[in-house]
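Could you walk me through this protein in the viewer, one selection at a time? I'm in my first year, so plain directions are best.

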Amino acid sequence: MELFIDLEKNRVHIQDQSLKRVWILGTIEICFGDCVDFLNKEFPKAAGDNADFWVSDFLKGFSNGFSGKKIIWSFHENGLSIWHINQFLKEHASRGIYYVDSRDIEELRISHNITFAPLPLSGGSGLHFPKISSPFQILYGMLYFYGLQKYALKRCKFCGRWFAVRASSAQKAYCGRKVLYTDWSGKSTEYSSCQEAVETITGRCNKRYKQIKNNLDRRLGSTSPEYHAFCNAGDNLKAAINKKNGNPSIANLQAFERFLYVESDSLSKRYERKKSPSP
C-alpha cells in the first residue's frame, strides 16, 4: 500500500497496486480527521484508555474480540491503530488543538518501529510513502506531513472532527466540511460548511429565544416566576452555544433547540384577549 499527499492538488489518497484500487481520503485539511472519525466508528471501544480489547482479541486468536478483525483499506485491522492515535492525541493536544511537532512524530516513529522514510512526490509538491502496512501508518504519514509543513490540528467546534490548519491560522474554529444537521423536528439540512451551520442555527435559536422572552414579558411581566424560570434555563443554554466563548457543538445546539421548540413551545404562543361574555 502507498500513501500520497499532494500539496499542489490538495489531495490525499492511498493506492493498492496489487488490487489496482485507490481510496481518496480527502483534502489535506480534512483527511486526518475523517480517517480518525471513520476508524472510531468502526472500533468504538478503541476511543477509551483501556487496551484490554486488543489483548483479549490477541489471546483468543482474534476470534472473540470486541469487534473482531475488519478489512479496512485492504488491511486486517482490529482497532489497535486508532487506539494508538487516540492516545497520542490525548497526550499532545490541549483544549482541542495540537501544534504538530516533528519531534513528537519522530518519537512516535521510534516507539512503533517504523523504518521506512517518505519520498518526494514525483511531478508535484508533497510526499509519497511507499510501504504502508497498517491504518496506523497512514495516520502517522499524515502527522509526519503536518509536522513538516507546520500545520496545527484542531477539533471543529461544531462537528467535533479534527481538521488541519496552518499554525498561523490556528484561531480558526470551524472546518470547511459539508455537514448534515438534524434539527429538533427530525428534519435534516445540509450546510456548505460547519461555520454556515453554526451561524444559521444560532441565528434561528436566538430569534426564537427573544420571541418567547418578549411574549412572557407582555403576558406575565418580567418579575413573574415563569419569566425568570425561562430566562434562567435559556440563558445557560444560550451561553453554551456562544460562538466566541461557548461551544456551539451539534449536541449543544440540539439541546437549545429542544428547549425552545419542545419544552417551551406553549410559551411561544400568543394569547388573545378574553372575549366578553354574551348578554
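Start by selecting β6, β9 and β10. These three strands make an open sheet, in the order β6-β9-β10, with antiparallel pairing. Keep in mind as you look around that this is a predicted model. β6 (97–99) and β10 (162–166) are the edge strands; each has a single partner, so one side of each has no neighbour in the sheet. From one strand to the next, the twist averages 20 degrees.

Now zoom in on β6 and β9 (residues 151–155). They run antiparallel and are joined by three bridges. To find one of the pairs, click Tyr99: its bridge partner in β9 is Ala152.

**Zoom out for a moment**

Show the whole chain as a cartoon. You should be able to pick out eight helices and 12 strands. Of the 279 residues, 44% count as buried. If you switch on the surface, you're seeing about 15500 Å² of accessible area, and 50% of that belongs to carbon and sulfur atoms. Among contacts in the chain with a separation of 6 or more, 54% are between residues 24 or more positions apart.

**The five-stranded sheet**

Next, select β3, β2, β1, β8 and β7. That's another open sheet, ordered β3-β2-β1-β8-β7, with antiparallel pairing. Which strands stand at the edges here? They're β3 (21–26) and β7 (119–120): each has a single partner strand, so one side of each is left without a neighbour in the sheet.

Add helix α5 (residues 135–148) to your selection. α5 packs on this sheet and touches β1 (2–6), β2 (11–16), β3 and β8. Its direction makes about 30 degrees with that of β1.

Over at β7, look for the two bridges that join this strand to β8 (residues 126–129), running antiparallel. Click Pro120 and you'll find Leu127 of β8 standing opposite.

**Colour β1**

Is β1 enclosed or open to the outside? Five of its five residues are buried, so β1 is largely enclosed by the rest of the structure. Here's a handy bit of background: side chains in a regular strand alternate between the two faces of the sheet. Show the side chains of β1 and check both sides. Glu2, Phe4 and Asp6 are on one side, Leu3 and Ile5 are on the other, and all of them are buried.

Stay on Phe4, which is a good place to look both ways. In β2, its bridge partner is His13; in β8, His128 stands opposite Phe4. The pairing of β1 with β2 is antiparallel over five bridges, and that of β1 with β8 is antiparallel over four. β1 and β2 also form a hairpin with four residues between them. Click Asn10 in the turn: its phi is positive, at about 55 degrees.

**Two helices crossing**

Hide the strands and select α3 (residues 80–92) with α5. Their axes come within 8 Å and cross at roughly 35 degrees. The crossing is right-handed. For the contact, show Ser81, Ile82, His84, Ile85 and Phe88 on α3, and Pro135, Phe136, Leu139 and Leu143 on α5. Colour them by type and you'll get seven nonpolar, two polar and no charged.

**Phe32 and its company**

Now go to helix α1 (residues 31–42) and click Phe32. Buried or exposed? With 1% relative accessibility, Phe32 counts as buried. Apart from neighbours within four places in sequence, Phe32 is in contact with Ile85, Leu89, Leu139, Met142, Leu143, Tyr146, Leu153 and Trp162. Try the distance tool on Phe32 and Tyr146: they sit 114 residues apart in sequence, yet 9.9 Å apart from C-alpha to C-alpha.

**A hairpin and a buried arginine**

Select β11 (residues 179–182) and β12 (residues 188–191), which pair in the antiparallel sense over four bridges. Val179 stands opposite Tyr191 of β12. The hairpin has five residues between its strands, and Gly186 takes a positive phi near 95 degrees.

Last stop: Arg208, in helix α6 (residues 194–220). Its relative accessibility is 13%, and because the cut-off for buried is under 20%, Arg208 counts as buried. Light up Leu260, Tyr261, Asp265 and Ser268 to see what Arg208 touches, not counting residues up to four places away in sequence.

Notes. Residues numbered from 1 in each chain as written. Predicted model: local features only at pLDDT ≥ 70, side-chain atom pairs only at ≥ 80, totals over all residues. Heavy atoms only, no water. Pairing = 2+ DSSP bridges. Contact = heavy atoms within 4.5 Å. Axes fitted to C-alpha atoms, helices over the stretch in contact; angles between N-to-C directions. Buried < 20%, exposed > 50% of the residue type's maximum accessible area, 1.4 Å probe, protein only. Areas by Shrake-Rupley, 256 points an atom, 1.4 Å probe, with all protein chains shown as cover. Left-handed = near helix turned anticlockwise from the far one by under 90°. Nonpolar A, V, L, I, M, F, W, Y, C, P; charged D, E, K, R; others polar.
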